[in-house]
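This report takes up the cysteines, the strand pairing and the enclosed and open spaces of one protein chain, and then turns to a single loop residue. The sequence and the structure are shown first, so that each statement can be checked by eye.

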Amino acid sequence: MHFYLKYKGNEIKGSGLPIWLETRFPIVDETPGLDKKLLNGDRASLRLIEGQDIVFNESNINFDFFDQHKDIKIVSDDFLKMLTGLKIDYSFAKLNAFVTGSKQKAIRITHKSYFVCSICTELDAIDLHTSEYRLERAADGSIIYQDEERKDPQLKYIYRYLVDSQKTDGYDLFRPKQLPARLLASENFLIKARQEHLLGLHLPPTVDIDLMDFPGYRASQRVVDKIQGS
């Protein structure tokens with residue numbers, strides 16, 4: 001089984017895990033497309049943000065993973081330590097992290113260090129036999145293939161993404177090719193994250209997440225395809 005890695009806060013006052021957190025990250029906010037380049041660990045982009053300021057508009061934060069600002073993944077030093085021993089290809093750049101006090105004055109965070117973390121591995125690991133999706137088709141109704149020789153179909157919509165473990169090469173954290181801004185984690189990752197008591201991490205099973213749960217694409221209104229033999 002695999003899991004989405006996401007941030008999740010709570011409503012407990014003083015927990016340092018706000019439900020929604022306004023963030024200012026000037027170098028990213030003022031450089032169009034930089035967050036996309038950081039997805040796969042682009043070295044020039046990581047050098048550009050090394051030592052840059054990020055300001056969380058909250059008096060207290062305590063999370064170890066955060067993904068609410070564009071496609072950036074912000075992690076703590078404890079999160080990076082947790083990755084040791086897992087099969088993960090990642091790069092990171094340290095930030096100068098601040099919170100805002102009662103008078104909106106930026107206060108440097110000292111109890112944790114924060115980094116932009118890029119997960120460099122992108123895999124086409126979707127299980128076409130168990131996932132729910134709609135195929136891209138030509139005007140005559142025939143399936144469009146992104147690789148004709150391998151009969152690898154092009155997907156128009158993905159409703160539910162299930163992983164074929166044989167396609168992951170044993171990686172414990174990776175980005176799915178069809179959903180490159182998302183992170184998928186293994187059971188090994190889940191177990192270790194819980195053992196380390198990291199904060200702000202939400203790891204729902206991929207089978208439980210409907211990726212297109214909005215009007216026009218729900219239940220009876222959606223077309224679900226299956227490849228031949230599945």
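## Cysteines

A disulfide is taken here to be a pair of cysteine sulfur atoms within 2.5 Å. The model under discussion is predicted, and by that rule the count of disulfides comes to 0. Why does Cys-117 form no such bond? The closest cysteine sulfur, which belongs to Cys-120, lies 8.0 Å from the sulfur of Cys-117, and that is too far for a bond. Cys-120 is likewise in no disulfide, the nearest cysteine sulfur being that of Cys-117.

The surroundings of these two residues can be described by their accessibility. Cys-117 has a relative accessibility of 5% and therefore counts as buried, whereas Cys-120, with a relative accessible area of 22%, is partly exposed.

## Strand pairing

Four strands form an open sheet in the order β5-β6-β10-β7, and their pairing is antiparallel. At the edges of this sheet are β5 (65-66) and β7 (90-94), each of which pairs on one side only. Between β7 and β10, which run antiparallel, there are 5 bridges, and Ser-118 in β10 has Ser-91 standing opposite.

Strand β16 (173-176) takes part in further pairings. With strand β11 (residues 122-123), β16 runs parallel and shares 2 bridges, and the bridge partner of Glu-122 in β16 is Arg-175. With strand β17 (residues 184-185), β16 runs antiparallel, again joined by 2 bridges, and here Phe-174 stands opposite Leu-184 of β17.

## The enclosed cavity

How many cavities of 30 Å³ or more does the structure hold? There is 1 of that size, and the space in the largest cavity is about 80 Å³. Strand β10 (residues 114-119) supplies the largest share of the lining, with 4 residues. Among the lining residues are Val-116, Cys-117, Ser-118 and Ile-119, together with Arg-175 and Leu-183. The buried Cys-117 is thus one of the residues that border this cavity.

Sorted by class, the residues that line the largest cavity are 7 nonpolar, 1 polar and 4 charged. The charged residues in the lining include Asp-35, Asp-71 and Lys-73.

## Open pockets

The largest pocket has a volume of about 310 Å³. It is lined by 17 residues, of which Leu-128, Lys-151, Asp-152, Pro-153 and Ile-227 are the closest to its centre. The elements that contribute two or more residues to this lining are β13 (145-147) and β14 (152-153). By class, the lining of the largest pocket divides into 7 nonpolar, 4 polar and 6 charged residues.

The second largest pocket has a volume of about 160 Å³, and its lining includes Tyr-4, Leu-5 and Lys-6 as well as Asp-71, Lys-73 and Leu-183. Asp-71, Lys-73 and Leu-183 also appear in the lining of the largest cavity. The lining of the second largest pocket has 4 nonpolar and 6 charged residues, and no polar ones.

## A buried loop residue

Asp-164 is found in the loop between β15 (155-160) and β16 (173-176). Is Asp-164 buried or exposed? Because its relative accessibility is 19%, Asp-164 counts as buried, the limit for that class being under 20%.

Apart from neighbours within four places in sequence, Asp-164 is in contact with Ala-125, Ile-126 and Asp-127. Leu-46, by contrast, is 118 residues from Asp-164 in sequence, and the C-alpha atoms of the two residues are 31 Å apart in space.

Technical notes: Residues are numbered from 1 along each chain as its sequence is written. This is a predicted model: local features need pLDDT of at least 70, side-chain atom pairs count only at pLDDT 80 or more; totals for chains, interfaces and linings use all residues. Side-chain values use heavy atoms; hydrogens and water are left out. Buried means under 20% relative accessible area, exposed over 50%, partly exposed in between (1.4 Å probe, protein chains only). Contact means heavy atoms within 4.5 Å. On a 1 Å grid over the protein atoms alone, a cavity is a set of points where a 1.4 Å probe fits but cannot get out, and a pocket is an open set with protein on both sides within 12 Å along at least five of seven lines; lining residues have an atom within 4 Å of a point. Grid points are joined across faces, edges and corners, and a volume is the space filled by probe spheres set on the points. Ala, Val, Leu, Ile, Met, Phe, Trp, Tyr, Cys and Pro count as nonpolar, Asp, Glu, Lys and Arg as charged, and the others, Gly among them, as polar. Two strands pair if DSSP finds at least two bridges between them.
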